[in-house]
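Reader: I have a model open at the bench. Please walk me through its fold, its pocket and a few residues.

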Amino acid sequence: MNKKFIITLPCSLISKICTGEKKYEMRKKVPAIVGTEEITFLVVEKGSGKVTAKFIVDDVIEGTNFSKLWKQYGKYLGIDKDYFDKYIKDSKKVYLMHIKKASIFLKPLSLKDDLEIKQAPQNYCTYDKTL
């Protein structure tokens, strides 16, 4: 069974994921299962409380050499170098989750009403129910 997690992203990054411009989602923490099987991430548009998209992750890259990560993957992160540098500041490690497939919900789901979740997660949370 495909595991599901919920994450929060700004609208600009959701758009880049769905157009294919953003091929990796960078995180300081990821669920331990990421990289062992395909995982579905439901994406909450930051500030809206609505799940507007989903994407499937099929691999993860763990990195500590940030300049090498930027050189190899920066153009696929959907962010600029300043944002990258601010994000990794004081980090020892980051994870790049490869986005295999993404799609937008024609009718966004409400976190509260449809998924019965009170608020969007800061990092991520699991979601075990069927959509």
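Author: Helices (H or I, at least four residues) and strands (E, at least two) are DSSP runs, numbered from the N terminus. Two strands pair if DSSP finds at least two bridges between them. This is a predicted model: local features need pLDDT of at least 70, side-chain atom pairs count only at pLDDT 80 or more, and totals for chains, interfaces and linings use all residues. Residues are numbered from 1 along each chain as its sequence is written, and side-chain values use heavy atoms, with hydrogens and water left out.

Reader: Which residue in the turn of the β3 and β4 hairpin has a positive phi?

Author: β3 and β4 run antiparallel, joined by 7 bridges. Their hairpin leaves 4 residues between the strands. The residue with a positive phi, about 85°, is Gly47.

Reader: Is Gly47 buried or exposed?

Author: Buried means under 20% relative accessible area, exposed over 50%, and partly exposed in between (1.4 Å probe, protein chains only). Gly47 sits in the loop between β3 and β4. Its relative accessibility is 83%, so Gly47 counts as exposed.

Reader: What is the strand order of the open sheet?

Author: The sheet has 6 strands and mixed pairing. β2 (24–27) and β6 (125–126) stand at the edges, each with a single partner strand, so one side of each has no neighbour in the sheet. The order is β2-β5-β4-β3-β1-β6.

Reader: In which sense do β1 and β3 pair?

Author: β1 covers residues 3–9 and β3 covers residues 39–45. Phe5 stands opposite Phe41 in β3. Over 7 bridges, the sense is parallel.

Reader: Which residue in β4 stands opposite Phe41?

Author: Phe41 already faces Phe5 across one pairing. β3 also pairs with β4, antiparallel. There, the residue opposite Phe41 is Phe55.

Reader: How many bridges join β4 and β5?

Author: These two strands pair in the antiparallel sense. Val57 has Ile99 as its bridge partner in β5, and Asp59 has His98. The number of bridges between β4 and β5 is 12.

Reader: Which residue in β5 stands opposite Glu25?

Author: β2 and β5 pair in the antiparallel sense. Their pairing runs over 4 bridges. Opposite Glu25 stands Met97.

Reader: At about what angle does helix α1 run to β5?

Author: Axes are lines fitted to C-alpha atoms, for helices over the stretch in contact (heavy atoms within 4.5 Å). Angles run from 0 to 180 degrees between N-to-C directions. Helix α1 (residues 11–19) lies across β1, β3, β4 (50–63) and β5 (94–110). Its angle to β5 is about 100°.

Reader: About how much space lies in the largest pocket?

Author: On a 1 Å grid over the protein atoms alone, a pocket is an open set of points where a 1.4 Å probe fits, with protein on both sides within 12 Å along at least five of seven lines. Grid points are joined across faces, edges and corners, and a volume is the space filled by probe spheres set on the points. For the largest pocket that is about 300 Å³.

Reader: Which element gives the largest share of the lining of the largest pocket?

Author: Lining residues have an atom within 4 Å of a point. There are 15, of which Thr8, Leu9, Pro10, Arg27 and Tyr83 lie nearest the centre. β1, β2 and α3 (81–88) each give two or more residues to the lining. The largest share, 3 residues, comes from β2.

Reader: How many charged residues does that lining have?

Author: Asp, Glu, Lys and Arg count as charged; Ala, Val, Leu, Ile, Met, Phe, Trp, Tyr, Cys and Pro count as nonpolar; the others, Gly among them, are polar. The lining has 9 nonpolar and 2 polar residues. Its charged residues number 4.

Reader: Is Leu9 buried or exposed?

Author: Leu9 belongs to strand β1. Its contacts beyond four places in sequence include Ile14, Arg27, Val43 and Phe55. With a relative accessible area of 4%, Leu9 is buried.

Reader: Which residue in the loop between α3 and β5 has a positive phi although it is not a glycine?

Author: The phi in question is about 70°. The residue is exposed, with a relative accessible area of 75%. It is Asp90.
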